[in-house]
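Before reading on, take a moment to turn the model and follow the chain from one end to the other. The paragraphs below go from the confidence of the prediction to the overall fold, and then to some of its details.

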Amino acid sequence: MKKIIIFLLLITTVFAQDESSSPWSLYGGLTSGSFKDADGRSTGLSLGVGYQLSDKLSIGGGLSHRGGKFEDEDGNYEIKGNAVELWSSYSLMQSERFSLSTGLIYAHIYEFEVELFGSSVTVDESEDDYGFYVGGSIPLKNNLGLNIGYYHGLKDNEDTPKFNNVWFELGYSF
């Protein structure tokens, strides 16, 4: 995990430019996921690419995390899901110091990992998840920014938990 973060920092600082000349962007960072009735949060990584369609609209996709922790009389359990997600974004506010956006996210969770009793079991079941998010971006240096957001799942199914995520990512606009 440290190697991925260092790699992203090196890439974003080596290729930093004074002005954004391309609609493409990259992002990567940490997510903290949970779900309805969970007792705790599970952390994971996110990595993806974005494309700015206009001043207000963007689309993108990448890899993300879904999961959570819970406790019962038998012990503590952690569920981690690896997902491929697609998103769309609408800019609500933009300034030189902060931007605020909202949008929709669709995720296909292609694998679950369950950690219990000190061991890990991978389950090859897949699940779909969808919902909306609210997020902000703070410019750091040149085309580098800090992205912070909250995702709230809308899928209402008795067999599937309703997921939510909080993320902290470094983003780079080309």
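Over residues 3–20 the pLDDT stays under 50, and for this stretch the model has 19 contacts beyond four places in sequence. The model is a predicted one, and its average pLDDT is 86, with 89% of the residues scoring at least 70.

With that in mind, the overall arrangement can be followed along the chain. The protein has one helix and nine strands, and when these are read in sequence order they give the pattern α-β-β-β-β-β-β-β-β-β. Among the contacts between residues at least 6 apart in sequence, 54% join residues at least 24 apart. Of the 174 residues, 36% count as buried, while the accessible surface comes to about 10400 Å², of which carbon and sulfur atoms account for 58%.

The later strands show how neighbours along the chain are paired. Strand S7, which covers residues 127–141, runs antiparallel to strand S8, which covers residues 144–153, and ten bridges join the two. S7 and S8 form a hairpin with two residues between them, and in the turn Asn 142 has a positive phi of about 50°. Within this pairing, Val 134 has Tyr 150 in S8 as its bridge partner. S8 also pairs with strand S9, residues 163–173, again in the antiparallel sense and over nine bridges, and here Leu 146 stands opposite Leu 170 in S9.

A single residue can now be examined more closely. Is Ser 101, which lies in strand S5 (residues 99–116), buried or exposed? Ser 101 has a relative accessible area of 16%, and because buried means under 20%, Ser 101 counts as buried. Leaving aside neighbours within four places in sequence, Ser 101 is in contact with Ser 89, Tyr 90, Ser 91, Leu 92, Tyr 133, Val 134 and Gly 135; one of these, Val 134, is the residue whose bridge partner in S8 is Tyr 150.

The last feature to look for is the largest pocket, which has a volume of about 1100 Å³. Its lining is made up of 50 residues, and those that lie nearest its centre are Ser 25, Ser 99, Ser 137, Asn 147 and Ser 173. The elements that give two or more residues to this lining are strand S1 (24–35), strand S2 (42–52), strand S3 (57–72) and strand S4 (75–94), together with S5, S7, S8 and S9.

Methods:
Residues numbered from 1 in each chain as written. Predicted model: local features only at pLDDT ≥ 70, side-chain atom pairs only at ≥ 80, totals over all residues. Heavy atoms only, no water. Buried < 20%, exposed > 50% of the residue type's maximum accessible area, 1.4 Å probe, protein only. Contact = heavy atoms within 4.5 Å. Helix = DSSP H or I, 4+ residues; strand = E, 2+ residues; numbered from the N terminus. Areas by Shrake-Rupley, 256 points an atom, 1.4 Å probe, with all protein chains shown as cover. Pairing = 2+ DSSP bridges. pLDDT = per-residue confidence, 0-100. 1 Å grid on protein atoms, 1.4 Å probe; cavity = no way out; pocket = protein on both sides within 12 Å on 5 of 7 lines; lining within 4 Å. Points joined across faces, edges and corners; volume = space filled by probe spheres on them.
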